[in-house]
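This report accompanies the sequence and structure shown below. Its topics are the fold, the surface and the salt bridges.

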Amino acid sequence: MHFCGMIYPMKAFCNRMTIDYCRQNGIMTDYLTDNESEVINMFGFEWNEEEERKALIELGEERGITIGKKRGITIGEKRSTINSIRNLMKNMHLSAEEAMAAIGIEQSQYKQYLALL
């Protein structure tokens with residue numbers, strides 16, 4: 001138990017020795033001079049691989065859900081537009097181009113929708 005109490009002071013001493021070694025050997029001298037306290041704080045940071053993996057998976061899942069929703073909305077909107085064109089063609093006896101014009105589709109998109117009809 002007594003040894004455990006010594007770990008933190010030893011760690012701080014080792015961190016100080018590491019910084020001094022780097023400065024004496026020209027390793028990142030300018031950075032250490034400008035950011036010494038930040039570097040010391042980083043030494044105290046304990047990286048947990050499992051937590052990092054879980055966080056990355058969660059982030060990836062969130063991004064995937066967001067992308068999936070956007071794609072789903074886009075697909076749904078296209079299907080709705082195609083159904084509207086088909087309904088106008090069938091019920092109002094319009095050509096595909098007339099139906100697209102009636103619902104406000106830009107002429108530059110006609111080919112895209114014609115391919116889907």
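The sections below describe the overall architecture, a nonpolar surface patch and the charged side-chain pairs.

## Overall architecture

The model is predicted. Its chain contains five helices and zero strands, and the order along the sequence is α-α-α-α-α. Among the helices are α1 (2-24) and α2 (29-44), as well as α3, which covers residues 49-91.

The chain has 117 residues, of which 13% count as buried. The exposed area of the chain is about 9600 Å², and carbon and sulfur atoms supply 58% of that area. Where contacts join residues at least 6 apart in sequence, 33% of them connect residues at least 24 apart.

## A nonpolar surface patch

Four residues, Tyr21, Ile27, Met28 and Tyr31, make up a nonpolar patch on the surface. Together they present about 410 Å² of accessible area.

Within this patch, Ile27 occupies the loop between α1 and α2. The relative accessible area of Ile27 is 36%, so this residue is classed as partly exposed. That value also satisfies the accessibility requirement for a patch member, which is over 30%.

## A salt bridge between helices α1 and α2

The whole structure holds three salt bridges. One of them pairs the side chains of Glu36 and Arg23, with an N to O distance of 2.7 Å. This pair links distant parts of the chain, since Glu36 belongs to helix α2 and Arg23 to helix α1, 13 residues apart.

Both partners are partly exposed: Glu36 has a relative accessible area of 21%, and Arg23 has a relative accessibility of 27%. The value for Glu36 does not fall under 20%, the limit for a buried residue.

## A charged network in helix α3

Which residues does Glu50 join in a network of salt bridges? Glu50 pairs with Arg53, the closest N and O atoms lying 2.6 Å apart. Glu50 also meets Lys54 in a salt bridge, here with an N to O distance of 4.0 Å. Through shared partners, these salt bridges unite Glu50, Arg53 and Lys54 in one network.

The spacing along helix α3 accompanies these pairings. Arg53 and Glu50 are three residues apart, about one turn of the helix. Because Glu50 and Lys54 are four residues apart in helix α3, about one helical turn separates them. With regard to solvent accessibility, Arg53 is partly exposed at a relative accessible area of 41%, and Glu50 is partly exposed at 36%.

Conventions
Residues numbered from 1 in each chain as written. Predicted model: local features only at pLDDT ≥ 70, side-chain atom pairs only at ≥ 80, totals over all residues. Heavy atoms only, no water. Patch = residues over 30% accessible without salt bridge, like charges linked within 9 Å, V, L, I, M, F, W, Y side chains within 5 Å. Areas by Shrake-Rupley, 256 points an atom, 1.4 Å probe, with all protein chains shown as cover. Helix = DSSP H or I, 4+ residues; strand = E, 2+ residues; numbered from the N terminus. Buried < 20%, exposed > 50% of the residue type's maximum accessible area, 1.4 Å probe, protein only. Contact = heavy atoms within 4.5 Å.
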